[in-house]
Amino acid sequence: TKNKEKIDELESKIKEIENRINTNSKLIVGREIDERYAKELKESVVYNMDISDIGDCVIVGGPVANKICKKYMDYFPVSITNEYPGRNRGVIQKAEIDGYTAILLAGSDRWGTKAAVEYAKQLNDIPDEPIFVEWRDGKAVRIEKP
């Protein structure tokens with residue numbers, strides 16, 4: 001029953017995240033590892049494809065792993081690189097792109113991206129200000145801006 005409770009809680013979080021942006025939103029990933037993290041958020045995943053109109057979406061993975069992230073990085077308040085925000089660190093942020101809401105869950109490395117995805121599941125809303133996170137001791141923790 002403990003597993004059932006965790007599944008129910010995860011499904012509830014997925015619905016909350018989807019409802020906050022749009023149930024028809026895309027979830028765009030860059031690499032296989034990001035896809036595994038992303039599928040915990042939503043089942044229908046768009047895999048790192050060329051698209052001209054992103055619509056409401058969640059982009060998972062930084063600009064090295066995800067060419068959609070790279071294409072739209074300038075719209076987000078924090079630029080992510082292999083060096084920033086740093087090893088095992090990520091950022092949760094949103095931006096308006098062509099009238100749509102885009103949420104970016106990305107890190108300097110795969111652990112930073114995992115931290116962003118895991119921490120996003122805990123949020124009731126994605127704030128306007130970026131949230132910096134770190135993967136530490138097997139869990140995502142919020143940190144101050146590096």
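This is a short dialogue on reading cores, a buried charged residue and ring pairs in a predicted model.

Trainee: Where should I start with packing? Which residues have the most contacts inside the largest nonpolar core?

Mentor: The general idea first. In soluble globular proteins, nonpolar side chains tend to be buried together. Here, the largest nonpolar core has 19 residues. Ile-54, Ile-59, Phe-76, Ile-97 and Leu-104 have the most contacts inside it.

Trainee: Which elements give two or more residues to this core?

Mentor: One helix number and four strand numbers to note: H3 (67–72), then S3 (57–60), S4 (89–97), S5 (100–107) and S7 (139–143). There is also a second, separate core, of 16 residues. Val-60, Ile-103, Ala-115 and Val-133 are among its members.

Trainee: Now Glu-134. Is this residue buried or exposed?

Mentor: Apply the cut-off: buried means under 20% relative accessible area. Glu-134 has 13%, so it counts as buried. Glu-134 sits in strand S6 (residues 131–136).

Trainee: What does the side chain of Glu-134 make a polar contact with?

Mentor: The side chain of Arg-89, at 3.4 Å. Beyond its neighbours within four places in sequence, Glu-134 also touches others, including Arg-87, Asn-88, Ala-115, Lys-139 and Val-141.

Trainee: How many aromatic pairs does the structure hold?

Mentor: There are 3. Take Tyr-72 and Tyr-75: the ring centres are 5.8 Å apart and the planes are at 50°, so this pair is tilted. Planes under 30 degrees apart would count as stacked, and over 60 as edge-to-face.

Trainee: What is the relative accessibility of each ring's residue?

Mentor: Tyr-72 is at 5% and counts as buried. Tyr-75 is at 42%, so it is partly exposed.

Key: Residues numbered from 1 in each chain as written. Predicted model: local features only at pLDDT ≥ 70, side-chain atom pairs only at ≥ 80, totals over all residues. Heavy atoms only, no water. Phe/Tyr/Trp six-rings, centres within 6.5 Å; stacked < 30°, edge-to-face > 60°. Buried < 20%, exposed > 50% of the residue type's maximum accessible area, 1.4 Å probe, protein only. Core = buried A, V, L, I, M, F, W, Y, C linked by side-chain atoms within 4.5 Å. Polar contact = N/O pair within 3.5 Å; in protein donor to acceptor, adjacent residues only side chain to side chain. Contact = heavy atoms within 4.5 Å.
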